[in-house]
Every structure is written in C-alpha cells, then in structure tokens.
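Here is a quick tour of a two-chain model, written for someone who likes to poke at coordinates. Have the structure open and follow along.

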Amino acid sequence: MEEIFVQSGKMGVVIAVIAAIFIGLVIYLVRLDRKISQWEDQNKTNTYG
Amino acid sequence: MNSSYIWKFLGVALILYSLVFGLLIPLKPGIVAVSPSIANGGDTISLAYTAYNVDYSAIDASKINAWLLFDEGKDILADKIEVLSANEANAIFRLPLLSELDQSVVSSTLVVSDPQHGYALLPSALGIRPKKSNGSLSGLSIKYDTPDVHKVKGVSFPFRNILQETIRNTYYHVPLWFSMIILFAISAFYSATYLRRRDSRSDLYAVAYAEFATVLGILGLLTGAIWARFTWGAFWSWDIKQFTSAVALLIYFAYFILRSSVADQDKRARLTSSYNIFAFAMLIPLLFIVPRLTDSLHPGNGGNPAMGGEDLDQTMRWVFYPAVVGWILLGMWVSQLKARYLIIQRKIEDKFII
C-alpha cells in the first residue's frame with residue numbers, strides 16, 4: 001500500500017489529494033441534492049398551489 | 001450565453017488549467033539517494049547515486065560532471081563518472097584530508113550536471129571525517145575549478161528532496177485555504193450587512209458562504225494530512241498550523257450548532273450574525289499570527305520563508321495563482337447556489353406553511 005504512494009516520486013500522493021478534494025465536493029453536492037429533493041417532496045402540493 | 005455564467009466558467013477553467021499544467025509540467029532533475037553517506041578524509045571513494053528525471057542511457061558519461069560542495073564554498077570535482085543504469089551512476093572522488101577543520105564530520109552537497117538534463121543537487125549527501133595528519137596535504141586548500149552548471153531546459157517545477165512530485169499539491173491543497181478565507185470574509189460581510197439592514201436574505205447568504213467555506217476547510221485538513229503522511233511522516237503531528245486551523249474550524253462548527261439551537265428566525269439571525277463576525281475576527285490571528293510565533297513544519301511559519309525561493313518559484317506562480325482565483329470563484333458559485341436554495345425555501349415557507 002505504502003509503495004503505491006511513494007513510487008515514481010510520490011506521484012500517488014498528488015493523485016490521492018486531488019481525489020480527496022473531488023470526493024469531498026461530490027459528497028457536498030449529494031447532500032445538497034438530497035436536501036432539495038426532500039424539500040420538494042414535502043411541498044409537492046403547496047409549491048404549485 | 002448569459003453573462004452571469006462568465007465568472008463561473010472562468011473559475012472552472014482556471015481550476016482545469018491548474019490541473020492540466022500542474023500535473024503535466026515535469027520536475028527538474030534531482031538526486032534521490034547516495035551511497036555511502038559517510039567517508040574518511042583522504043580516501044578515494046566511489047559514490048553511487050540515483051538520479052530522478054534523467055536518462056543517462058542517451059548521453060555520453062564523459063559529459064556528466066559531479067562535484068561535492070562544501071559550506072566554505074570550495075568544491076571537489078569527481079575524477080570520473082561510471083554510468084550504471086538509466087538513472088544510476090558512480091562518481092569517483094579523491095577526498096581531501098580536511099585536516100585543518102576541527103569538526104568530527106564535514107557535510108557536503110552533491111551536485112551533478114550534464115548538458116542535456118541540467119543540474120541536480122542533494123544537500124548533506126556525504127559526510128566526511130577529517131583525517132588528522134602532519135599537514136603535508138591540506139585538504140580544502142586544494143581548490144578545483146567549479147565546472148559548468150548546466151541549466152535545466154524548458155519549463156519545469158523545482159525538485160525538492162522530501163517533497164518530490166508532491167510539490168504539485170501546492171496547487172490543490174493551498175488554494176482550498178485561500179478560498180476558505182475569502183468565503184469566510186464574504187460570509188462575515190453578509191452578517192454585518194444583515195445587522196445593518198435586518199434582511200433575512202443577507203443572513204441566508206452568510207450561512208451559505210460559511211457552510212461551503214467550512215467544507216473547503218475540512219478538505220484542506222484532509223488533503224494536508226494525506227500530504228503530511230508522506231512528507232512529514234504522519235497524518236497529524238500537532239503542527240501549530242494544523243492545530244490552529246482545526247481550532248478555527250471548530251469555532252465555525254459552533255456557529256452551525258448555535259444556528260440550529262435557536263428556533264426563532266430573527267433571534268437566530270441576529271445572534272449568529274454577531275457570532276459569525278467574531279468567528280472571522282478569530283480566524284485571522286489563528287491562521288496568520290499564532291503559527292508565526294512558534295516552530296512549524298509549514299513553510300512561511302516559525303521563521304521559514306514561504307511564497308519565495310524554491311518552494312514557490314516563478315513557474316509555480318503561473319499555476320498557483322490562477323488555481324487560487326479559480327477556487328475562490330468556484331467557492332462563490334457553490335455558496336450562491338446554496339444561498340439561492342435557502343432563499344427560495346424561506347420564501348415558500350413564509351407563504352404556505354406558517
């Protein structure tokens with residue numbers, strides 16, 4: 001496991017950092033999406049009423 | 001195209017630019033290992049070194065220069081270079097006695113240079129134990145001419161011995177913090193606006209900005225920990241800046257807890273707006289003042305210079321600053337989306353539910 005990160009001049013660490021940022025952003029967007037969906041479901045009748 | 005998209009796409013384009021160029025531009029050559037690491041004055045040694053980002057199979061060994069550099073500014077040139085593989089070679093040195101030096105070990109920097117790849121160096125590569133003699137051969141007074149230091153051709157990033165390729169994380173880890181600080185500042189500004197105007201719109205903007213800034217801060221801690229694991233040796237080493245930035249985020253966690261604990265809308269907005277301004281006022285000393293007062297592993301703290309020298313050279317600035325601007329613009333975009341959602345939610349709530 002250690003080798004994956006350290007080989008070829010520790011390039012794996014850079015990939016891991018970029019992946020962590022991307023995953024973090026996606027988690028934030030999924031949470032926001034779920035909040036909006038929940039809220040849409042609750043207000044199905046009201047919103048257009 | 002709607003003009004309101006221009007800055008949003010600019011933000012994305014700048015981040016994309018930092019990904020492409022930040023990953024594709026090669027590092028300068030470097031030396032990753034030498035053997036042996038210690039020798040006696042007066043010996044003739046064969047110093048085996050492993051270089052990075054060089055291809056010795058394509059060049060003539062006689063074109064390679066290697067020399068040992070001492071603090072005193074004198075050099076010892078290698079007599080001969082024997083290429084072992086594409087990135088390994090032996091440098092044969094006749095070491096001076098160094099008898100005039102009253103030290104147990106004298107440290108030297110290994111420099112290798114060739115016209116095709118340019119120069120590479122490894123500080124503290126070889127320690128030499130001075131040999132006491134009757135002084136007939138006085139070591140460092142033998143001064144060799146410094147050979148040509150070949151320039152590294154093309155666009156490249158600095159090679160730093162511990163960082164190696166992870167120097168690229170400067171474009172991905174650091175802009176998260178820059179963006180976080182700007183978003184917290186905008187959030188504090190909206191809170192101040194709320195306190196002046198008492199409009200719930202400003203209050204909701206303040207929450208949305210603080211929320212995404214916190215996300216960036218958490219990502220900053222996480223990416224910093226990954227980077228630290230393979231450079232400083234541990235995910236978390238209670239470095240002063242790791243500590244103060246974690247404290248700053250805890251202060252903002254308390255902001256969200258405070259918000260969820262007050263039921264009345266106006267009371268919540270007034271209370272948390274004041275808190276948000278104080279939280280930002282705390283962020284400045286925690287991130288910019290306290291880390292400079294003591295020793296830190298972070299560059300730019302505890303007397304280490306940052307934003308200069310080999311840690312952020314001219315080539316790196318061309319990728320780093322666009323990345324900072326890109327992350328600020330992306331952060332503003334996401335924060336505004338969240339704020340717009342909160343505002344619509346509030347409007348509909350006010351109309352139908354209550």
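## Ground rules and backbone oddities

Helices and strands here are DSSP runs, at least four residues for a helix (H or I) and at least two for a strand (E), and they are numbered from the N terminus. Keep in mind that this is a predicted model.

With those labels in hand, go to the loop between β9 and α2 (174-197) of chain B, where Q164(B) sits. Q164(B) is not a glycine, yet its phi is positive, at about 50°. Another spot to check is the peptide bond from S35(B) to P36(B), which is cis, with omega near 0°. P36(B) belongs to the loop between β1 and β2 (38-40) of chain B.

## Where the chains meet

How many residues of chain A are in contact with chain B? The count is 24 on the chain A side, facing 33 residues of chain B. Together the two chains bury about 2600 Å², and carbon and sulfur atoms account for 77% of that. On the chain A side, the biggest losses of area to chain B fall on K10(A), Y28(A) and W39(A), which together make up 25% of what that side buries.

As for specific interactions, the rule turns up 0 salt bridges across this interface. It does find 4 residue pairs in polar contact, with both partners at pLDDT 80 or more. Two helices of chain A, α1 (2-42) and α2 (44-48), each bring at least two residues to the side that touches chain B. The top contributor is α1(A), with 21 residues. Sorted by class, that side of chain A has 15 nonpolar, 6 polar and 3 charged residues.

## The second largest pocket

This pocket holds about 410 Å³ of space. It has 15 lining residues, and the ones closest to its centre are L204(B), R259(B), R268(B), L342(B) and Q345(B). Four helices of chain B each give two or more residues to the lining: α3 (200-229), α4 (240-261), α5 (265-293) and α6 (314-353).

Which element supplies the largest share of that lining? The answer is α6(B), with 6 residues. The class breakdown for the lining of the second largest pocket is 7 charged, 5 nonpolar and 3 polar residues.

## A closed-off cavity

Searching the whole structure for cavities of 30 Å³ or more gives 1 hit. The largest cavity contains about 40 Å³ of space. Its lining is made up of P29(B), V54(B), Y56(B), I64(B), V112(B), S113(B), D114(B), G118(B), Y119(B) and A120(B). The elements giving two or more residues to that lining are β8 (106-114) and β9 (118-129) of chain B.

What classes of residue line the largest cavity? By class, the tally is 7 nonpolar, 2 polar and 1 charged.

## A long-range salt bridge

Over all chains, the whole-structure search comes back with 6 salt bridges. One to look up is the pair D313(B) and K28(B), whose side chains meet at 3.9 Å, N to O. The cut-off is worth knowing for this pair, since a salt bridge is called when the nitrogen is within 4 Å of the carboxyl oxygen.

Why does this pair tie together parts that are far apart in sequence? D313(B) is in the loop between α5 and α6 of chain B, while K28(B) is in the loop between α1 (6-24) and β1 (30-35) of chain B, so the bridge links parts 285 residues apart in sequence.

Key. Residues numbered from 1 in each chain as written. Chains lettered and ligands numbered in written order. Predicted model: local features only at pLDDT ≥ 70, side-chain atom pairs only at ≥ 80, totals over all residues. Heavy atoms only, no water. 1 Å grid on protein atoms, 1.4 Å probe; cavity = no way out; pocket = protein on both sides within 12 Å on 5 of 7 lines; lining within 4 Å. Points joined across faces, edges and corners; volume = space filled by probe spheres on them. Nonpolar A, V, L, I, M, F, W, Y, C, P; charged D, E, K, R; others polar. Contact = heavy atoms within 4.5 Å. Buried area = accessible area lost by both parts, 1.4 Å probe. Polar contact = N/O pair within 3.5 Å; in protein donor to acceptor, adjacent residues only side chain to side chain.
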